[in-house]
Amino acid sequence: MPLWFEQLEGQLLLWIQDLRCGPLSAVLVPLTRLGNYGGIWIACALVMLRFRRTRRAGIAGLAALLLAQVVNDQLLKNLICRARPFTQIEGLWTLVEAPTDYSFPSGHTCSAFAVGVTWWRTLDFCWLKRLLMAMAVLMALSRLYVGVHYPTDVLGGVAVGSLVAILVCHGLAWLEGGGRGKLPKDAA
């Protein structure tokens with residue numbers, strides 16, 4: 001990545017750090033902690049499994065989380081090996097415990113968008129779709145706010161998570177179609 005772009009990302013993170021305040025921290029710090037190990041998303045999926053109308057979405061969400069973890073956290077982070085911004089940007093400090101793994105792509109964001117997009121495509125309830133996608137967006141923003149990711153880490157997490165969700169939804173449709181290689185019209 002060009003040096004000027006890295007400097008621009010660093011300036012953006014320092015600007016975000018200047019916006020930190022009690023009310024924002026009271027929302028975004030706990031939210032980012034709820035995303036640790038996919039906790040909030042696993043809990044949502046488990047609740048969905050209890051109800052017949054949301055069971056399919058719960059199963060799809062758990063599948064998306066598992067695939068996102070493998071692709072994002074086990075494969076991509078270890079191939080790219082990008083250092084965390086707080087180790088590179090002078091004056092940037094974190095509001096949460098400093099993660100020890102690599103930075104790109106953001107795992108919290110990837111998980112949030114993997115389940116958010118999956119649930120957007122599999123749930124029938126408009127209000128719930130909007131709520132869960134809003135939570136995914138807030139999770140992504142929280143990673144910048146607490147100082148543990150570059151903006152491009154978050155954008156990478158959005159892209160990987162969304163692609164994982166699309167794969168899971170197509171795989172689910174393929175299985176529901178009897179595995180004959182044809183997708184129902186609404187899955188395309």
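Biologist: Hi! I'm starting with C126: is it buried or partly exposed?
Modeller: C126 is partly exposed, with a relative accessible area of 44%. Buried means under 20% relative accessible area, exposed means over 50%, and partly exposed is in between (1.4 Å probe, protein chains only).

Biologist: What kind of model is this, and how are residues numbered?
Modeller: This is a predicted model, and residues are numbered from 1 along each chain as its sequence is written. Local features need pLDDT of at least 70 and side-chain atom pairs count only at pLDDT 80 or more, while totals for chains, interfaces and linings use all residues; side-chain values use heavy atoms, leaving out hydrogens and water.

Biologist: What is the mean pLDDT of the protein?
Modeller: The mean is 92, and 95% of the residues reach 70 or more. Residues 183-188 have a pLDDT below 50, and this stretch has nine contacts in the model beyond near neighbours in sequence. For reference, pLDDT is the predictor's confidence in each residue, from 0 to 100, and a contact means heavy atoms within 4.5 Å. Where pLDDT is low, the predicted coordinates should not be read in detail.

Biologist: Back to cysteines, then. How many disulfides does a search of the whole structure find?
Modeller: The search finds zero. A disulfide is counted when two cysteine sulfur atoms lie within 2.5 Å.

Biologist: Why has C126 no bond to the closest cysteine sulfur?
Modeller: That sulfur belongs to C169 and is 16 Å from the sulfur of C126, so it is too far for a bond.

Biologist: New topic: how many salt bridges are there?
Modeller: The count comes to six. The rule asks for a side-chain nitrogen of Lys or Arg within 4 Å of a carboxyl oxygen of Asp or Glu. One of them joins E9 and R82, whose closest N and O atoms are 2.8 Å apart. E9 is in helix α1 and R82 in the loop between α4 and α5, so the pair links distant parts of the chain, 73 residues apart. Helices here are DSSP runs (H or I, at least four residues), as are strands (E, at least two), numbered from the N terminus.

Biologist: Are E9 and R82 buried or exposed?
Modeller: E9 is buried at 3% relative accessibility, and R82 is buried at 13%. E9 and R82 also belong to a salt-bridge network with D153.

Biologist: Which residue does R56 form a salt bridge with?
Modeller: R56 pairs with E176, with the closest N and O atoms 2.6 Å apart. R56 is in helix α4 and E176 in helix α7 (residues 151-176), 120 residues apart. R56 is partly exposed at 37%, and E176 is partly exposed at 47%.

Biologist: Where is the cis peptide bond?
Modeller: It joins F104 and P105, with omega about -10 degrees. P105 is in the loop between α4 (52-80) and α5 (107-122).

Biologist: And which residue in the loop between α2 and α3 has a positive phi?
Modeller: That's Y37, with phi near 60 degrees, and it is not a glycine. Y37 sits in the loop between α2 and α3 (39-49) and counts as exposed at 82% relative accessibility.

Biologist: Last one: what does T54 touch?
Modeller: Not counting residues up to four places away in sequence, T54 touches M48, L123 and F125. T54 is in helix α4 and is buried, at 8% relative accessibility.
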